[in-house]
Amino acid sequence: MTTWTYARPPILERLSGSSEQHVLVEASAGTGKTFTLEHIVAQEVLQGTPLDAILVVTFTEKATREMRFRVRRLLEEMLRGPVPGGTD
């Protein structure tokens, strides 16, 4: 079985704990809520949590589409791995 790892954003260190916990992210516009949520979802997927066991609630359909796009993009980037000669 492959173990996937990635550089965790510092905010996730403050949210660490059992994956059995619920996480509530509430903050003002432009503070990184979507970034934080997309990384929480990616972390759960990498730890083996099935996608149908993850619930992310947004207030609009537009926000839902954005979240899906960003999580999918992040997971694809993680699967591809670092780009040779890149800065990551």
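This is a short tour of a predicted model of one protein chain, with a suggestion at each stop for what to select next.

**Stop 1: the whole chain**

Start with a cartoon view of everything. The protein chain holds 3 helices and 0 strands, and reading from the N terminus the order of elements is α-α-α. Now switch on the surface. About 7,200 Å² of the protein chain is accessible, and carbon and sulfur atoms account for 55% of that area. How much of the protein chain is buried? Of its 88 residues, 19% are buried residues. If you like contact maps, here is one number to keep beside yours: of the contacts between residues at least 6 apart in sequence, 63% join residues at least 24 apart.

**Stop 2: helix 2 and helix 3**

Next, select residues 33-46, which form helix 2, and give residues 61-80, helix 3, another colour. Two packed helices are described by the angle between their axes and the distance between the axes. Here the axes of helix 2 and helix 3 come within 9 Å and cross at roughly 50°. That angle falls outside the ranges for roughly parallel (under 35 degrees) and roughly perpendicular (65 to 115), so helix 2 and helix 3 count as oblique to each other. What is the handedness of the crossing of helix 2 and helix 3? It is right-handed.

**Stop 3: the contact between them**

Keep both helices selected and show side chains. From helix 2, pick out Thr 34, Phe 35, Leu 37, Glu 38, His 39, Val 41, Ala 42, Val 45 and Leu 46. Across from them, in helix 3, the partners are Met 67, Arg 70, Val 71, Leu 74, Leu 75 and Met 78. Sorted by class, this contact of helix 2 with helix 3 has 11 nonpolar, 2 polar and 2 charged residues.

**Stop 4: Val 41**

Now centre the view on Val 41, in helix 2. Is Val 41 buried or exposed? Its relative accessibility is 8%, and buried means under 20%, so Val 41 counts as buried. Beyond its neighbours within four places in sequence, Val 41 is in contact with Ile 54, Val 56 and Val 71. Try the distance tool on one of these pairs: Val 41 and Val 71 are 30 residues apart in sequence, and their C-alpha atoms are 7.1 Å apart.

**Stop 5: Glu 66**

Move along to Glu 66 in helix 3. With a relative accessible area of 37%, Glu 66 is partly exposed. Draw a line from its C-alpha atom to that of Thr 34: the separation is 8.7 Å, for two residues 32 apart along the chain.

**Stop 6: Thr 58**

Finish in the loop between helix 2 and helix 3, where you will find Thr 58. This residue is partly exposed too, at 24% relative accessibility. Leaving aside neighbours within four places in sequence, Thr 58 is in contact with Ala 63 and Thr 64. Thr 34 serves once again as a reference point: its C-alpha atom is 10.0 Å from that of Thr 58, 24 residues away along the chain.

Definitions and conventions: Residues numbered from 1 in each chain as written. Predicted model: local features only at pLDDT ≥ 70, side-chain atom pairs only at ≥ 80, totals over all residues. Heavy atoms only, no water. Helix = DSSP H or I, 4+ residues; strand = E, 2+ residues; numbered from the N terminus. Buried < 20%, exposed > 50% of the residue type's maximum accessible area, 1.4 Å probe, protein only. Contact = heavy atoms within 4.5 Å. Areas by Shrake-Rupley, 256 points an atom, 1.4 Å probe, with all protein chains shown as cover. Axes fitted to C-alpha atoms, helices over the stretch in contact; angles between N-to-C directions. Parallel < 35°, antiparallel > 145°, perpendicular 65-115°, else oblique. Left-handed = near helix turned anticlockwise from the far one by under 90°. Nonpolar A, V, L, I, M, F, W, Y, C, P; charged D, E, K, R; others polar.
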